[in-house]
Amino acid sequence: YHNLHTKILGKKIIHFDTIDSTNDYAKKIGNEESEGAVIISEEQTKGRGRLGRNWHSNSYEGIWMSIILKPNIVPYKAPFITLIAGASIVEALNKLGVNAKIKWPNDIILNEKKICGILTELSAEIERINHIVLGIGINVKTMEFSQEICDVATSLYKENYIVSRVDIVRNILLEFESLYLEYINNNSKEKVLDICRRHSAIIGKEIYTIRGEEKELVRCLDINEEGNLIIKRNDGSIKEIISGEISIRGI
Ligand code: BTN
């Protein structure tokens, strides 16, 4: 990882050939390790996705990494960090010529299929954050996906983008650090929101919001100043969505 022009992110990089899950490892060492440490593995034997799902993490096929963060902010401000991560991944990929989009709040999409997921895990007390583990999984070289996900998942190589993993990691860490420090130090969200709007996979589109068994077709209007999603329901009413599973029509 030469040429990593960051101040704190990736100053320490812990690399594995194989591990159960980089998020699990980061959670174990999170309290002792200093901010900005990056754990990266070529393979995960128990890669985890959101909502208890499995995350396929074969050897050398992707970027499986976790970043340890220790922001001095109140816990309720932590979810925005997932959005910062999404924005930095999308921005980094676009600067490398990949037309990736962000599906608020957790997924990165390429040609209508998912290439990247983010799993943020927070260890906090009432008023204080101990640490945050920001897990990022990017499908880079995967050519075949299991039957359950092959209709919804893709990789950079599969979409004919041949990009080096080191370049992607370097660019993400660089983008993330600058947006993260602006948020932590100045409470500034502007650039993140701008990126999320410019590279949104869902703004202006009809999407399904899914809550448990309930599925509702709505129009996605915007992301507001807090980073929440603004949608319009069928009856014309406008609603703000703070988090929750959403699925885009046709994807
Ligand atoms: C999702 O979209 O469901 C989130 C996927 C997150 C996967 C990454 S890979 C590195 C880190 N370690 C894990 O076990 N999961 C995250």
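This is a short exchange about the ligand, the largest pocket and two backbone features of a predicted model.

Q: What are the ground rules for the numbering and the model?
A: Residue numbers start from 1 along each chain as its sequence is written, and side-chain values use heavy atoms, with hydrogens and water left out. In this predicted model, local features need pLDDT of at least 70 and side-chain atom pairs count only at pLDDT 80 or more, while totals for chains, interfaces and linings use all residues.

Q: Which residues come nearest to the ligand?
A: Ser-21, Gln-44, Arg-48, Arg-50 and Lys-114, out of 20 residues around the ligand (a residue is near if one of its heavy atoms lies within 4 Å).

Q: What class are the shell residues?
A: Six are nonpolar, 10 polar and four charged. Ala, Val, Leu, Ile, Met, Phe, Trp, Tyr, Cys and Pro count as nonpolar, Asp, Glu, Lys and Arg as charged, and the others, Gly among them, as polar.

Q: Where does Gln-44 approach the ligand?
A: A polar side-chain atom of Gln-44 is 2.9 Å from a ligand nitrogen atom. Arg-48 places a backbone N or O atom 2.8 Å from a nitrogen atom of the ligand.

Q: How much of the ligand's own accessible area does the protein cover?
A: The protein covers 99% of the 410 Å² (Shrake-Rupley method, 1.4 Å probe).

Q: Which element gives the most to that shell?
A: β6, with four residues; strands are DSSP runs of E, at least two residues, and helices runs of H or I, at least four, numbered from the N terminus.

Q: Switching to pockets: which one holds the ligand?
A: The ligand takes up the space of the largest pocket. More than half of a molecule's atoms must lie within 2 Å of the grid points for it to sit there. On a 1 Å grid over the protein atoms alone, a pocket is an open set of points where a 1.4 Å probe fits, with protein on both sides within 12 Å along at least five of seven lines; lining residues have an atom within 4 Å of a point.

Q: What is its volume, and which residues are closest to its centre?
A: The volume of the largest pocket is about 890 Å³. Among its 39 lining residues, Arg-53, Trp-55, Asp-107, Lys-114 and Ile-149 are closest to the centre.

Q: Which peptide bond is cis?
A: The one joining Trp-104 and Pro-105, with omega about -5°. Pro-105 lies in the loop between β4 (101-103) and β5.

Q: And what is phi of Tyr-60?
A: Phi of Tyr-60 is near 60°, a positive value in a non-glycine residue. Tyr-60 belongs to the loop between β2 (38-44) and β3.

Note on methods: A polar contact is a pair of N or O atoms within 3.5 Å; within protein, one must be able to donate a hydrogen and the other to accept it, and residues adjacent in sequence count only if both atoms are side-chain atoms. Grid points are joined across faces, edges and corners, and a volume is the space filled by probe spheres set on the points.
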